[in-house]
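The exercises below concern the structure shown next. Each task is followed by a solution in steps.

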Amino acid sequence: MTLLETVYRPRDLDQLSFEELGQLAGEIREFLIESVSRTGGHLGPNLGVVELTIALHRVFDSPRDTILWDTGHQSYVHKLLTGRHDFSKLKQDGGISGYPSRAESEHDVCENSHASTSLSYADGIAKAYQVRGQTDRRVVGVIGDGALTGGMAWEALNNIACAKDRPVVIVVNDNERSYSPTIGGLADHLATLRTTQGYERFLDWGKEALARTPMVGGAIYEALHGMKKGLKDIVTPQGMFEDLGLKYVGPIDGHDIEEVESALRRAKGFGGPVIVHCITRKGEGYQPALDDEADHFHGIGVINPETGLPFQIQGTSWTDIFADEMLKVGNDRPDVVAITAAMLQPVGLKKFAEAYPERIYDVGIAEQHAATSAAGLAFGGLHPVVALYATFLNRCFDQVLMDVALHKAGVTFVLDRAGITGDDGASHNGMWDMSILQVVPGLRIAAPRDPAQVREQLREAIEVEDAPTVVRFSKGAAGPEIEAVDHVDGVDVLRRSADAEVLIVTAGPLAIQGLAAAELLAAEGIRATVVDPRWVKPVNPALIDMARRHKAVVTVEDNGRVGGVGAAISQALQDAGVDRPVRVMGIAQEFLEHGKRAGILERLGLSGPGIAAAARSALAGGSSE
Ligand SMILES: Cc1ncc(C[n+]2csc(CCOP(=O)(O)OP(=O)(O)O)c2C)c(N)n1
């Protein structure tokens, strides 16, 4: 029996010696490498926090004490120590989530995997414990150096720091990386802290050395100590945290359980806000991960655990298509610059960055800043392309609305992973953008259906200099090219039938499902026209004319049903007095459980048969339920 098999709750760790804890750490690493290589998942970040998580659960008593994992992708070890040992279906239907999950465990508190939130949650929970007189309960936020670049984290620190008697323990898990190396002033600051001998240690040394100098030594030490602040800034610039009012403990070797435990015990006893700065290595204990320059196996697919090499070679992805076109755009348009929020490689900007290093900005996990600074770049005469995952655009809605659109700034947002992404669960589905962006005056949205359209629509988007534009595409392998049979005022006609009864309007790659539905309907003698508007906002007036010539309309989009493309078309038809039954097919407005994209689309009826059924019901004037 392994030690891991004996640990099902944090208190099972109490009896173990440090030697046994070291053995447990090794077993956990073996387990993670073996199981995550079979399912895919966030391997590198979890290998980096094995000792840190063990120490946290030894010192704090979860769930009475609250431990919060920022972003949550590094919570696998926490899952193991809190009784979740079945990783066989990690992130898959019926398996455990890849993030903390309130449904899974009382030890999981926040499951929003959008970064930089943990300290705000921690602030609120600590306030609640104080108000309720639960002064023995501790709150710990574990935040990476990457997540610490997000503005929310700093807003929280500012608030946490001002209550000197309200204990919050902030554990900075500093591995110098987001996906790639973390950038910015904060990262530089942490680097200086890492490389400078700790201030406390310096003082200890000073005390010892001076104590050996009889008579004057003690007095000099006191004077030295009195000069604490000035000296501190010379010896180590931890001043930034202490000036904010946060006690700083560190830097600690995050792979030394004993050292981490002792630092955490000090922090726990402190009684006010305190930062524990732990240095860890992403991918620790697994050579292929440590050797991986790109991101130390931040997130992997299925790999051979011996070599770290992928088993399945994925076809060309939507991201690849964008990446290649962006490289060409860089050559053709010297005024085009690109912005990433700490995701250079995942959003396909690496090639552009290598070719045009002076025209790429990695702003950290700072989508809000990305959007407004893009407006600034546009004011300055450039055309910025801001590449984000669709779900993270939510972070900068106000900036898109007020800072970009109100100013008619020519900024192009490229949204990767739009629509159902599936296995990362509710917070990663890119199902919000086409709804929240509908309300932004002047903004235009393109939803390419195939690789050629990604290239074409990206080019069209960056031609627009007097309004924000958005190009959104899906996760994974790009679909096949889908030729249009006709073009009508900017709308691509994908299938025409004489005297068609139903008009199927598809947005993006769901054109394939729309065409499949038309095929099924044809077999029953129902004639359908399938069109792709390409630009889905604003509603193209050609669609209104087309609807007029059909008996019913079905709209199909990989986006929430509420307020999206279908809703906008429906409203435009009403406004134009075109009274036709309309069925809006999209993602149910729910927080969806993790699972495979294809399965989820199928379940939501975003399939040939599902769309065909909606068309039949629309023609029959019945309900689509
Ligand atoms: C708002 C937001 N933007 C982007 C991401 C994508 N993302 C997930 S993890 C990550 C890097 C996190 O780095 P860090 O906090 O240092 O944790 P580490 O992976 O190094 O342990 C990023 C950018 C996100 N989760 N949330």
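**Exercise 1. Decide whether Lys 91 and Ser 116 are buried or exposed, and describe their backbone.**

Solution. Step 1: Lys 91 has 22 C-beta neighbours inside 10 Å and therefore counts as buried, since the cut-off is 20 or more. The model is a predicted one.

Step 2: apply the criterion to Ser 116. Ser 116 has 26 C-beta neighbours inside 10 Å, so this residue is buried too.

Step 3: place the residues. Lys 91 is in the loop between helix H4 (76-81) and helix H5 (118-131), and Ser 116 is also found between H4 and H5.

Step 4: read the backbone angles. Phi is near 65° for Lys 91, which is positive although the residue is not glycine. For Ser 116, likewise not a glycine, phi is near 75°.

**Exercise 2. Classify Lys 408 by exposure and list its contacts beyond four places in sequence.**

Solution. Step 1: Lys 408 has 14 other C-beta atoms within 10 Å, so it is partly exposed. The class covers counts between the limits of 12 or fewer and 20 or more.

Step 2: the residue sits in the loop between helix H18 (397-405) and S9.

Step 3: with neighbours within four places left aside, Lys 408 is in contact with Gly 442, Asp 466 and Ala 467.

Step 4: for a distance along the chain, take Ser 474, which is 66 residues from Lys 408; their C-alpha atoms are separated by 27 Å.

**Exercise 3. State where the ligand lies relative to the domains, and why.**

Solution. Step 1: the chain is divided into domain 1 (4-196 + 237-291), domain 2 (318-472) and domain 3 (486-620).

Step 2: the ligand is surrounded by 25 residues, the closest being Pro 45, Ala 115, Gly 144, Gly 146 and Ala 147. This shell comprises 9 nonpolar, 11 polar and 5 charged residues.

Step 3: domain 1 and domain 2 both contribute residues to the shell, so the ligand lies between them.

Step 4: describe the pair of domains. Their C-alpha centres, those of domain 1 and domain 2, lie 31 Å apart. Contacts involve 21 residues of domain 1 and 18 residues of domain 2. On the domain 1 side, 5 nonpolar, 15 polar and 1 charged residues touch domain 2.

**Exercise 4. Compare the reach of helix H14 with its expected span, and find what its buried residues pack against.**

Solution. Step 1: H14 covers residues 318-332, which is 15 residues. From first to last C-alpha, H14 reaches 21 Å, close to the 21 Å expected at 1.5 Å a residue.

Step 2: the buried residues of H14 are Trp 318, Thr 319, Ile 321, Phe 322, Met 326, Val 329 and Gly 330.

Step 3: those residues pack against strands S6 (336-340), S8 (383-389) and S9 (412-416), and against helices H15 (350-355) and H20 (451-463).

**Exercise 5. Examine the surroundings of Val 276 and locate the cis peptide bonds at Pro 251 and Pro 538.**

Solution. Step 1: the largest nonpolar core has 171 residues, and Val 276 is one of the members that touch the most others.

Step 2: beyond four places in sequence, Val 276 touches residues including Val 169, Val 171, Gly 250 and Ile 252.

Step 3: Gly 250 is joined to Pro 251 by a cis peptide bond, with omega about -5°. Pro 251 belongs to strand S4 (residues 247-253).

Step 4: a cis bond also joins Lys 537 and Pro 538, with omega about -5°. Pro 538 lies in the loop between strand S16 (535-537) and helix H22 (541-548).

Conventions:
Residues numbered from 1 in each chain as written. Predicted model: local features only at pLDDT ≥ 70, side-chain atom pairs only at ≥ 80, totals over all residues. Core = buried A, V, L, I, M, F, W, Y, C linked by C-beta atoms within 7 Å. Contact = placed C-beta atoms within 7 Å. Near = placed C-beta within 6 Å. Nonpolar A, V, L, I, M, F, W, Y, C, P; charged D, E, K, R; others polar. Domains from an automatic or database assignment. Helix = DSSP H or I, 4+ residues; strand = E, 2+ residues; numbered from the N terminus. Expected span 1.5 Å × (residues − 1).
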